[in-house]
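Got the viewer open? Let's walk through this one stop at a time, selecting as we go.

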Amino acid sequence: MEASSPWIDVKRNLPFHFIYEVKCNVTGEFYRGKHSTDDLNDGYLGSGRWIRDGVRKYGKSRFDRTIIQMCTFDCLDVVEKALIELVYDQPRCMNKRRGGEGGRTVPGKVVVKYPGSRKCFAVSVDDPRYV
């Protein structure tokens with residue numbers, strides 16, 4: 001079991017955890033990842049460079065997200081890794097890693113969540129506004 005952090009605690013307490021696949025309808029390229037949320041229709045496509053560049057180039061409407069598998073928070077990494085492994089060597093797979101390791105901590109940062117909001121962001125541990 002990994003050490004607890006504010007980021008992990010915020011994510012763990014969200015009601016939905018799943019593995020998704022985002023596909024670009026123009027190129028056929030796709031990406032698999034994990035996501036935790038309190039809104040299954042939050043429009044999240046991922047945060048990597050491939051997604052950002054693709055949305056900028058083709059528009060968000062050219063990308064579709066499919067939920068592959070719902071999980072518990074504690075099984076996200078294992079399931080993500082297994083589902084990426086199935087497609088990792090395919091030429092249109094845009095995953096740069098085999099999965100199961102990202103999205104948990106931001107070194108030197110803490111997670112801040114506005115009261116009454118589902119929005120979270122990372123700030124420096126030394127930021128006096130959040131100490």
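How many disulfides does the count come to? A disulfide here is a pair of cysteine sulfur atoms within 2.5 Å, and by that rule the count is 0. Before going on, a word on what you are looking at: this is a predicted model, where local features need pLDDT of at least 70, side-chain atom pairs count only at pLDDT 80 or more, and totals for chains, interfaces and linings use all residues. Residues are numbered from 1 along each chain as its sequence is written, and side-chain values use heavy atoms, with hydrogens and water left out.

**Stop 1: the cysteines.** Select Cys 71 and Cys 75. The closest cysteine sulfur to that of Cys 71 is in Cys 75, 3.9 Å away, which is too far for a bond. Cys 71 counts as buried, at 13% relative accessibility. (Buried means under 20% relative accessible area, exposed over 50%, and partly exposed in between, with a 1.4 Å probe and protein chains only.) Now click on Cys 24, which is buried with a relative accessible area of 1%.

**Stop 2: the sheet.** Turn on the cartoon view. Helices (H or I, at least four residues) and strands (E, at least two) are DSSP runs, numbered from the N terminus. You should find 3 strands in an open, antiparallel sheet, in the order β2-β1-β3. β2 and β3 are the edge strands, each pairing on one side only. Two strands pair if DSSP finds at least two bridges between them. Color β1 (16-24) and β2 (30-37): this antiparallel pair has 8 bridges. Within it, Ile 19 stands opposite Lys 34, and Tyr 20 is opposite Gly 33. The hairpin of β1 and β2 has 5 residues between the strands, and there Gly 28 takes a positive phi near 80 degrees. On to β3 (63-71): 8 bridges join β1 to β3, again antiparallel, with Cys 24 opposite Phe 63. β1 is mostly covered, with 7 of its 9 residues buried.

**Stop 3: helix α2.** Select residues 49-58. Which residues of α2 are buried? They are Trp 50, Ile 51 and Gly 54. These cover an arc of only 95 degrees around the axis (taken from the directions from the helix axis to the C-beta atoms), so they sit on the same side of α2. An α-helix has 3.6 residues a turn, so residues three or four places apart point the same way. Spin to the face turned away from the buried side and you will meet the exposed residues Arg 49 and Arg 56. Just after α2, Gly 59 takes a positive phi of about 95 degrees. What covers the buried residues of α2 includes β1, β2 and β3.

**Stop 4: the core.** Show side chains for Phe 18, Tyr 20, Val 22, Cys 24, Leu 45, Trp 50, Ile 51, Phe 63 and Met 94: these 9 residues make up the largest nonpolar core. Such a core is a set of buried Ala, Val, Leu, Ile, Met, Phe, Trp, Tyr and Cys residues joined through side-chain atoms within 4.5 Å. β1 gives the largest share, 4 residues. Center on Phe 63: leaving aside neighbours within four places in sequence, its contacts (heavy atoms within 4.5 Å) include Val 22, Leu 45, Trp 50 and Tyr 58. Last selection: a second, separate core of 6 residues, among them Ile 19, Cys 71, Phe 73 and Leu 76.
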